[in-house]
Amino acid sequence: EDGQALWLRGNSNIKVTVSGPGHSPVVDLAIAELKRGWHGKPDMVLNLRISDNPAIKGDGFQLEESAISARTELGLLYGAYELLRSQYLGSPARRFVSNPSYSRRILNHWDNLDGSIERGYAGRSIFWGEKENGLSITEQDKEKWTAYARANASIGINGSVLNNVNASAKILSKPYLEKVRAIAERLRPYGIKTYLSVNFSSPVLIGKLKKADPLDPQVQQWWKDKVKEIYALIPDFGGFLVKANSEGQPGPQDYGRTHVDGANMMADALEPFGGIVMWRAFVYNPSPEDRTKQAYKEFLPLDGAFRKNVILQVKNGPLDFQPREPFSPLFGGMTKTPVMPEFQITQEYLGGSKQLVFLSTLWEECLNNDTFKNGKGSTVAACTDGSLSKTDFTAIAGVANIGNDVNWTGHTFAQANWYAFGRLAWNNKLESKVIAAEWIKQTFLDSKEKKTDAKFAKTVQGIMMESREAAVDYMMPLGLHHIFAEGHHYGPAPWFSNDKIRADWTSVYYHKADEQGIGFDRTRNGSDAVDQYHEPLSSKLNSLSTCPEIYLLWFHHVPWSYRLKSGNDLWTELCLRYDRGVNKVRSFQKDWDRMDGAIDKERFQEVQSKLRTQSRDAQIWKDACLLYFQQFSKREIPFDIERPVHDLQSLKELTKSRDYN
Ligand code: BDP
């Protein structure tokens with residue numbers, strides 16, 4: 001098996017009769033899927049019906065043994081996929097209602113128009129490729145887009161942003177919009193809306209205007225005309241995603257205006273057509289202010305000033321998709337402006353497509369964090385899914401890990417991250433261990449159990465559930481962050497500093513190791529980032545003795561001799577964690593090897609080989625970080641753990657090289 005079929009391997013020959021409420025592209029798809037993948041009782045008659053059952057919300061559905069009901073046709077399609085999934089998983093048929101946690105469940109593709117993908121590790125873009133074929137569209141392209149749409153619909157994803165947030169203005173030119181239309185036509189039957197990332201300077205770059213000032217009537221008119229042109233081609237177009245005044249991208253501040261001015265201008269253009277603006281809060285400037293505080297400081301004063309069709313898109317943590325971050329304080333901070341979480345499915349900071357890291361646990365951790373916005377129980381999930389603010393303008397985004405590799409995602413196990421994002425976007429209370437179990441069975445095993453299946457499922461679920469914590473351990477335990485090699489973000493470079501670039505792009509800015517200790521002081525004596533959180537959390541984080549140890553060095557500069565809860569001093573604990581991380585990956589290798597024969601050779605060997613690479617690279621992380629930090633701690637690496645096997649100098653050379661990532 002080459003992995004192309006993803007988690008949708010469940011064709012069957014079992015007969016079923018399906019009656020639907022008339023015919024439409026969506027209903028016909030639901031019927032076709034049920035016939036193709038039916039694993040229920042043979043010769044059953046299944047009814048699909050549109051119902052106004054008040055328990056069903058949005059595109060939700062109700063399943064019963066012989067019926068699927070929904071308010072919308074799309075609800076029937078989602079119900080069909082859920083029914084097939086539960087049959088395949090062998091879960092007994094029972095009556096239940098399932099409603100989506102977020103009404104917009106969106107993939108963000110960081111695909112460039114030349115076909116390259118920013119932070120993509122699975123080949124080239126499935127949408128673009130000036131080098132490959134310009135703007136022409138082949139039959140193969142169309143089939144790929146359909147397969148993509150189907151996979152997404154099967155897990156409830158209903159939106160795609162087709163191009164990189166670092167957006168080329170060309171996307172809004174006529175020939176590109178024509179291609180967007182062709183893509184949208186393929187995605188539409190599966191309920192997937194198309195969105196675009198736009199460049200704020202588009203009126204200048206592809207229009208004939210001299211500036212892109214959002215308060216200039218000519219600029220406003222330009223956007224209105226452009227939006228009209230888009231909707232003439234794509235009547236169900238979803239809206240814009242905007243990265244403005246961030247990392248060199250243009251924005252309203254170039255004209256002395258605010259993010260509100262910029263977002264509202266676009267919102268006004270989109271509003272008559274039902275389109276939305278997803279305005280990214282990932283903004284920071286070279287300034288003496290702690291980078292992790294900047295987005296909150298920028299956006300909190302703007303709360304309430306955005307148009308009704310603007311939603312703020314916020315990365316899970318206040319920095320940038322690190323292996324572990326505390327949640328962004330904006331989730332609990334904004335009260336009048338809807339906020340949507342942005343997760344990163346592509347493993348920019350978690351091993352590209354070389355390492356097995358199941359990200360569902362990271363997202364689950366974020367969603368379950370309590371912001372204390374309205375007192376206890378105000379989780380990030382509740383702050384974003386409409387349950388606190390009683391709105392149904394809700395959304396969630398995941399930065400896609402999809403490319404034109406045969407298996408879509410490079411690493412077979414990276415498919416699980418795509419899958420998990422969709423499942424959590426549909427139901428943000430699902431547990432990662434359940435998601436893992438679902439994925440394993442559908443991806444690797446047949447619906448009828450073989451003898452080896454239960455063992456395989458359990459072993460692999462164990463690996464997946466421990467994989468993210470293992471990565472945290474061998475990369476940056478105890479709250480360390482952003483000590484990656486420059487540029488490629490794959491390997492370690494805690495030594496990285498450079499006077500010629502801004503400090504907050506270097507590693508030393510973040511770990512601040514010195515002879516006394518290590519960590520970034522974000523307490524009230526330091527940058528005071530803790531006070532962007534509500535009480536009692538802010539005080540809890542502020543105090544060294546109550547700050548959760550997983551965030552210790554994120555919030556505190558801690559002496560090497562400081563005793564942790566384990567009884568170990570900080571230096572010893574750091575060493576043990578790095579060592580534990582490496583050992584975990586070694587144990588994943590052993591566990592995997594024991595599974596030889598339980599699944600197809602092709603995928604077995606691919607994963608086996610990638611685990612070898614991961615072991616090697618975990619060792620590099622451990623050696624690099626311990627040997628580097630040891631220069632400050634001046635303490636011995638505990639004698640009962642394995643010694644480093646590399647020299648620091650050689651690792652400095654290695655991680656710089658282009659081939660190493
Ligand atoms: C960082 C990536 C960069 C993205 C940026 C963003 O390194 O490539 O453009 O985030 O999210 O993680 O805008």
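A polar side-chain atom of Lys243 lies 2.6 Å from an oxygen atom of the ligand. That is a polar contact, meaning a pair of N or O atoms within 3.5 Å. Glu118 offers another polar side-chain atom, 2.3 Å from a ligand oxygen. In Arg119, a side-chain N or O atom is 3.0 Å from an oxygen atom of the ligand. The protein covers 96% of the 320 Å² of accessible area that the ligand has on its own; such areas come from the Shrake-Rupley method with a 1.4 Å probe.

This is a predicted model, where local features need pLDDT of at least 70, side-chain atom pairs count only at pLDDT 80 or more, and totals for chains, interfaces and linings use all residues. Residues are numbered from 1 along each chain as its sequence is written, and side-chain values use heavy atoms, with hydrogens and water left out.

Now step back to the ligand's surroundings. There are 14 residues around the ligand, each with a heavy atom within 4 Å of it. Glu118, Lys243, Arg280, Lys315 and Glu348 come nearest. By class, this shell has 8 charged residues, 4 nonpolar and 2 polar. Asp, Glu, Lys and Arg count as charged; Ala, Val, Leu, Ile, Met, Phe, Trp, Tyr, Cys and Pro count as nonpolar; the others, Gly among them, are polar.

Next, the cysteines. How many disulfides does the whole structure hold? A search finds 0; a disulfide is a pair of cysteine sulfur atoms within 2.5 Å. For Cys366, the nearest cysteine sulfur belongs to Cys383, 10 Å away. Cys366 is buried (under 20% relative accessible area, 1.4 Å probe, protein chains only), at 5%. Why is Cys547 not bonded to Cys366? Cys366 has the closest cysteine sulfur, but the sulfur of Cys547 is 17 Å from it, too far for a bond. Cys547 is also buried, with a relative accessible area of 0%.

How values were computed: Polar contact = N/O pair within 3.5 Å; in protein donor to acceptor, adjacent residues only side chain to side chain. Buried < 20%, exposed > 50% of the residue type's maximum accessible area, 1.4 Å probe, protein only.
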